Amino acid sequence: MTTGPIFRHLATLEWETAKDQKAEVAALAAQADALGARRSRLTRGEHGFHSHISEMPPGFEVPPHTHSVSELMVILEGSIDVTGGTTLEAGDTAVIPADHLYGFTVGEHGVRFLVARTEDAATNIK
């Protein structure tokens, strides 16, 4: 069990590929890989946090889906247009409750965002 602080540097993180993803998102992950999207896990439950950083190219569409756990999303660079009309840009956040249906389209400059959760989440693509 980890008791001290954990430090990770983005420049040295390993980026996941479609083969690293859960079965329920494998098809979307393969599409994302082909277009240059990528994701790296920052934490895997250490001190109660599950988090990852994702990068997606302009115009990439994440279809409507839900997660089994609430999440905090922080837009670090670029933008997304969330289903329903909200645009999030660098510095904006979204707190999305568990089982809330949402999707988004990546803006014209791509996006880099951070997601943090208190548990590992199952994803249900609609």
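## Strand pairing around strand 7

Strand 4 and strand 7 pair in the antiparallel sense, and 9 bridges are found between them. Within this pairing, V74 stands opposite L114 of strand 7. The description that follows concerns a predicted model, and the residue-level statements should be read with that in mind.

Strand 7 has further partners. Strand 2 and strand 7 are paired in the antiparallel sense over 7 bridges, and S51 has A116 in strand 7 as its bridge partner. Strand 3 is also joined to strand 7, by 3 bridges and with the two strands running antiparallel; here the bridge partner of V62 in strand 7 is F104. Strand 3 is joined to strand 8 as well, again by 3 bridges in an antiparallel arrangement, and in this pairing T66 stands opposite N124 of strand 8.

## The nonpolar core

The largest nonpolar core consists of 19 residues, of which M56, M73, I80, F104 and F113 touch the most other members. Helix 1, strand 4, strand 6 (93-96) and strand 7 are the elements that give two or more residues to this core, and the largest share, 6 residues, comes from strand 7.

Two of these core members can be followed through their contacts, with residues up to four places away in sequence left out of the count. M56 touches A37, V62, F104, V106, G110, V111 and F113, so that its list includes F104 and F113, which are themselves named among the core members with the most contacts to other members. M73, placed in strand 4, touches I80, D92, T93, A94, Y102, F104, F113, L114 and V115. M73 counts as buried because its relative accessibility is 3%, where the cut-off for burial is under 20%. One of the residues touched by M73 is D92, and the C-alpha atoms of M73 and D92 are separated by 8.4 Å although the two residues are 19 residues apart along the chain.

## A buried serine in strand 2

S54 lies in strand 2, the strand that pairs with strand 7 in the antiparallel sense. S54 has a relative accessible area of 4% and is therefore buried, since burial requires a value under 20%. Leaving out residues up to four places away in sequence, S54 touches R38, R39, V111, R112 and F113. Two residues in this contact list, V111 and F113, also appear in the contact list of M56.

## The largest pocket

The largest pocket holds about 590 Å³ of space. Its lining is made up of 35 residues, and those closest to the centre of the pocket are Q21, V25, R39, H52 and M56. Among these, R39 is also a contact of S54, and M56 is also one of the core residues that touch the most other members.

Two or more lining residues are given to the largest pocket by each of helix 1 (26-35), strand 1 (38-44), strand 2, strand 3 (61-67), strand 4 (71-82), strand 7 and strand 8 (123-125). The largest share of the pocket lining, 5 residues, comes from strand 7. Divided by class, the lining of the largest pocket has 17 nonpolar, 7 polar and 11 charged residues.

## The enclosed cavity

The structure holds 1 cavity of 30 Å³ or more, and the volume of the largest cavity is about 40 Å³. The residues that line this cavity are R41, H50, S51, H52, V115, R117 and D120. Strand 2 (50-56) and strand 7 (102-117) are the elements that give two or more residues to the lining, and strand 2 provides the largest share, 3 residues.

By class, the cavity lining has 1 nonpolar, 3 polar and 3 charged residues. Several of the lining residues appear elsewhere in this report: S51 is the bridge partner of A116 in strand 7, V115 is among the contacts of M73, and H52 is one of the residues closest to the centre of the largest pocket.

Methods: Residues numbered from 1 in each chain as written. Predicted model: local features only at pLDDT ≥ 70, side-chain atom pairs only at ≥ 80, totals over all residues. Heavy atoms only, no water. 1 Å grid on protein atoms, 1.4 Å probe; cavity = no way out; pocket = protein on both sides within 12 Å on 5 of 7 lines; lining within 4 Å. Points joined across faces, edges and corners; volume = space filled by probe spheres on them. Nonpolar A, V, L, I, M, F, W, Y, C, P; charged D, E, K, R; others polar. Pairing = 2+ DSSP bridges. Buried < 20%, exposed > 50% of the residue type's maximum accessible area, 1.4 Å probe, protein only. Contact = heavy atoms within 4.5 Å. Core = buried A, V, L, I, M, F, W, Y, C linked by side-chain atoms within 4.5 Å.
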